[in-house]
Structure formats: C-alpha cells, structure tokens
Amino acid sequence: MRQLKPNVYAVGAIDWDARLFDRLIPLPDGTSYNSYLVRGTEKTVLIDTVDPAKTNVLLGNIISAGVDKLDYIVAHHAEQDHSGSLPEVLLLYPDAKVVTNPKCKEMLIDLLGIEDEKFITVEDGQEVSLGDKTLKFVYTPWVHWPETMSTYLPQEKILFSCDFFGAHLATSSLFVDDEAAVYESAKRYYAEIMMPFRRQINANLAKLDDLEIEMIAPSHGPVYDKPELIVGAYKDWASDNVKNEVVVAYVSMHGNTSKMVSHFVEALIERGVKVRQFELSTVDIGRLAMALVDAATIVIGSPTVLIGPHPCAAYAAFLANALRPKIKLASIIGSYGWGGKTVEQLAAMIPNIKAEILDPVLAKGEPKEADYAALDRLADEISTKHKEKGITD
Ligand code: FEO
C-alpha cells in the first residue's frame, strides 16, 4: 500500500510477468491493475478492483490498511481486469455498495452475476460525500467501452481515470519518474486500445478542461503527478495532425516483395519522407499500432498466396482497419506468380480507413525496371501529396 495524498492510497497489484493481454496485445513491460482506497471522515471507498489473478494482492493490501468497513466500491469499467475481483471484495465486505452508472451495472450483472441490490447508480456529474471528501462522477464513455467513467476528488484535485490515460507498464514507482518510458508505454496503450475512439476521446478531453487536475491516477501504470505530460500527449495523438511518415508493413516469401520494399523505402528516404518499416511475420503488433498513431500514409507489401494476400498482410490490414488510424493515403505493393486478387482483397479489408488509395504496384515475379520505376512514381506521389497537404514534420 502506497500513499498518493493524505488518506488516498494505491492498493492494486503490479503484474511484472504479464506478456499478453486478451491473448492478443503484447505486454513487453508487464502491466499493473491499479485500485485506490480513499478514506473520508465518514465513509471509505475502494476505487476499482484488480484482475482476478491478483485478487489476493488486493485483499491483502486492503486488510493491511486496516479497513474494517468498506462503504462503497466504485466500478468505472466492467472489463474484468478492473472488475474481476469485485465478487471476492463483496464477500469480504458484504455491506459495501457498488457505485457505478446504469450501463456499467448492467454489464457487471451480465459478466459477474453481481446481485441487483448491491448497486447504487450515479448520473454524470453526480456527487457522493465521504464526509470531508467528495466523489464527483464524470462520464467518459468509449475509453474504451461504452460504460466507462472517471471519478474526480475535488479536495485533492485527483482524477481517477481508469483505462483513460493508462499505460501497460509494471514499475515499482508510484508516480511517473521516467517520462520517456511512460510516454512510450502510454502511446502503445493509446494505439492498441484508445485509437479507434479518437472522436470520443476528444470530447472527453474537452470535458476535463472544466476540472482543476493536479494528479491523474489511471488503472494501469504509474500515477501522473504532472498531468500535463499525458493530457498533452493525448491531445496530440487524438488530433487530426499527422506526420510526414510512411508505415511500410510487409511480408515476403521468396524475396521479390522484399526487393520492392527495399527500393521503395530508399526512394521515400531520398525524397525526405520518414519511414517506419515492419516485417509482418515477426512484428510486435504494438509497435506497428504505435506507428499508425502519427503516420500520414500506410503501404502494405504482400506476395500473392492462393490468389489473395499473404495471411500476415491480411492480419495487418484487418488490424489497421480496426484501429482506425488517421492516415491520409494508402497503397499496396507486392509480387505475384500468375494472377490473383491481392489488391482487391486487401483494399476491401480497410473500409474504416478514410484514406485516398493510391495506385498499387504489382510485379509479376521478380521486379523489373518498369516495376522499380512505378515504385519511384509512388514515392513521388506520396512525397508530393504530403507537401500539398502541409504535412512536413
Ligand atoms: Fe484495463 Fe478496459 O480494461
């Protein structure tokens, strides 16, 4: 148990060894499931719980804090990495009420079977008194589920934001002490989890402008005692601004697509365009997602397999489509043996990407002089369009 402010404690769990979230998202630096205990003069509240695998850590922390009566458990979000220990906490403190919004209540009943009478529901902006402290609930939907909300503690100027502003980072530091490392983890988290909801994130950021915030306590990663670091980063990532960068995500079977990628990447560099290149059979999808936060353009490189794209390229297209990056231009390059529908199939997989699709470059077998010239033209077109759109950083 560690103290954020007088009578405000971190009682969650650090998960140093976690390496995959949802059997999908790489966690190179582990994560944490943050839970906070706030003691008022009249009431005591637990803010969020932890992943079921870490229930014993949470219960041990609460017990060692000497909590003999728990009045409220605030549930910001129904996903099990924050709600999963609720049934165990309620067994230990059967008189505690779960405080949440109506949508989250419904989901907690569906997911965890918590009884209806255990809940108190709150509206956006509603306050609950703990005596000398007040909980003010702020609906922050779609970060990243529809029911998500945050809690503001005005006396201490702390925003408990749940996944919003979080970072998958296991660290023994309660507060941010390595800004570069936290920025990297928070950007990875934003890219993988928040990016599809950019519009709603901007609305939520605007809503927080009304609050005087000295500390942001998310449900993953360290606490921000200088909140401008993460609020500024979110405003940048969720803005419409893109960078003079091309993400080249490719896979090659016999080296022909690889030759095309090498030539194309060199052509972009010669034209002053930055490149982030990813080999798709070995890629850390988190790094690919991070690159898509800022890039103006994506080019997918794929050979043709069984008349369509290589499955690794199809996975990258599926992922990019789901993450809805703010890219402006997209294209496809690659090699084929005798025909196929690689371009049509890949293009059909990215309907959510509102980008201009530039003419693809497909080589029959080994790339020839005409194919390299077409790649040069594609690099020219990307460089020119970036400049025309004022994308120069
Ligand atoms: Fe960290 Fe959406 O749960």
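1. The lining of the second largest cavity is mixed in character, with six nonpolar, four polar and one charged residues. Asn34, Tyr36, Ile47, Asp48, His76, Phe160, Ser161, Cys162, Ala217, Pro218 and Ser219 line this space, which has a volume of about 30 Å³. Do keep in mind that this is a predicted model.

2. Two strands are worth picking out here: S15 (158–162) and S16 (215–218) each supply at least two residues of that lining. The largest share, three residues, comes from S15.

3. The whole structure holds two cavities of 30 Å³ or more, and the largest has a volume of about 70 Å³. By class, the lining of the largest cavity has 10 nonpolar, one polar and no charged residues. Among the lining residues are Ile298, Val299, Ile300, Ala330, Ser331 and Ile332. Strands S19 (295–301) and S22 (329–336) and helix H11 (342–348) each give at least two residues to this lining.

4. Now to the helices. H9 (residues 285–294) packs against H10 (residues 311–323) at an angle of about 50°, with the axes 11 Å apart, which means that H9 is oblique to H10. Their crossing is right-handed. From H9, Ile285, Leu288, Ala289 and Leu292 meet Tyr315, Ala316, Leu319, Ala320 and Leu323 of H10, a contact of nine nonpolar, no polar and no charged residues.

5. H9 also meets H5 (residues 179–194): their axes come within 8 Å and cross at roughly 85°, so H5 is roughly perpendicular to H9. This contact includes Glu184, Lys187 and Arg188 in H5, and Arg287 and Asp294 in H9. Its residues divide into five nonpolar, one polar and six charged.

Definitions and conventions
Residues are numbered from 1 along each chain as its sequence is written. This is a predicted model: local features need pLDDT of at least 70, side-chain atom pairs count only at pLDDT 80 or more; totals for chains, interfaces and linings use all residues. Side-chain values use heavy atoms; hydrogens and water are left out. Axes are lines fitted to C-alpha atoms, for helices over the stretch in contact, and angles run from 0 to 180 degrees between N-to-C directions. Helices (H or I, at least four residues) and strands (E, at least two) are DSSP runs, numbered from the N terminus. Angles under 35 degrees count as roughly parallel, over 145 as roughly antiparallel, 65 to 115 as roughly perpendicular and the rest as oblique. A crossing is left-handed if the near helix is turned anticlockwise from the far one by less than a right angle, and right-handed if clockwise. Contact means heavy atoms within 4.5 Å. Ala, Val, Leu, Ile, Met, Phe, Trp, Tyr, Cys and Pro count as nonpolar, Asp, Glu, Lys and Arg as charged, and the others, Gly among them, as polar. On a 1 Å grid over the protein atoms alone, a cavity is a set of points where a 1.4 Å probe fits but cannot get out, and a pocket is an open set with protein on both sides within 12 Å along at least five of seven lines; lining residues have an atom within 4 Å of a point. Grid points are joined across faces, edges and corners, and a volume is the space filled by probe spheres set on the points.
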